[in-house]
Amino acid sequence: MIIAIDFDGTIVEDHFPDIGKMVPGAREVINELYAGGNKIIIWTSRSGIALARAVEWLVKNNIRYHHINESCPDNLKRYGGRDTRKIFADIYIDDKGLINLPPDWYEIREMIRDKLLI
């Protein structure tokens with residue numbers, strides 16, 4: 001499964017252009033999803049220096065991911081080899097989604113487990 005995860009407001013508290021504190025449970029659940037064989041895409045509007053700082057922060061805080069702001073290469077091949085601005089994923093985790101609440105990573109984990117039927 002491919003899971004796209006927003007950075008500001010979802011992995012960290014939203015203090016853009018600064019980087020806020022990590023949202024409780026984010027590292028644990030994201031790394032668990034990664035270890036479970038899911039493809040993790042970090043999905044952010046950051047670019048340039050702000051994106052570089054986010055990547056540095058992810059590495060420093062040991063949050064595992066496969067891609068940032070790009071679709072998985074297998075999907076690019078599957079759909080003709082061209083990359084678009086829209087990230088393809090099976091699940092999108094974003095604080096600006098249907099319900100604008102601070103994410104509860106443990107609840108998110110349970111929702112994904114229910115979807116995967118594990």
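In which loop does N61 lie? N61 is found in the loop between helix 2 and strand 3, where helices (H or I, at least four residues) and strands (E, at least two) are DSSP runs numbered from the N terminus. The structure is a predicted model, in which local features need pLDDT of at least 70 and side-chain atom pairs count only at pLDDT 80 or more, while totals for chains, interfaces and linings use all residues. Residues are numbered from 1 along each chain as its sequence is written, and side-chain values use heavy atoms, with hydrogens and water left out.

N61 counts as buried because its relative accessibility is 17%; buried means under 20% relative accessible area, exposed over 50%, and partly exposed in between (1.4 Å probe, protein chains only). Apart from neighbours within four places in sequence, N61 is in contact with M22 and R27, contact meaning heavy atoms within 4.5 Å. N62, just after helix 2, takes a positive phi of about 55 degrees.

Helix 2 comprises residues 48-60, 13 in number, and spans 18 Å from its first C-alpha to its last, close to the 18 Å expected at 1.5 Å a residue; the expected span is 1.5 Å times one less than the number of residues. Its buried residues are A50, L51, A54, W57 and L58. These residues lie on the same side of helix 2 because they cover an arc of only 120 degrees around the axis, the arc being that of the directions from the helix axis to the C-beta atoms. An α-helix has 3.6 residues a turn, so residues three or four places apart point the same way. The buried residues of helix 2 pack against strand 2 (39-43) and strand 3 (67-68). G48, I49, E56, V59 and K60 are exposed on the other side of helix 2.

Four strands form an open sheet with parallel pairing in the order 3-2-1-4; two strands pair if DSSP finds at least two bridges between them. Strand 3 and strand 4 (91-93) are the edge strands, each pairing on one side only. Strand 2 and strand 3 run parallel and are joined by 2 bridges, with I41 opposite H67 in strand 3.

The largest nonpolar core (buried Ala, Val, Leu, Ile, Met, Phe, Trp, Tyr and Cys residues joined through side-chain atoms within 4.5 Å) has 23 residues, and I11 and W105 have the most contacts inside it. A second, separate core of 6 residues includes I2, A4, I41 and A89. Beyond neighbours within four places in sequence, the contacts of I11 include W57, L58 and W105.
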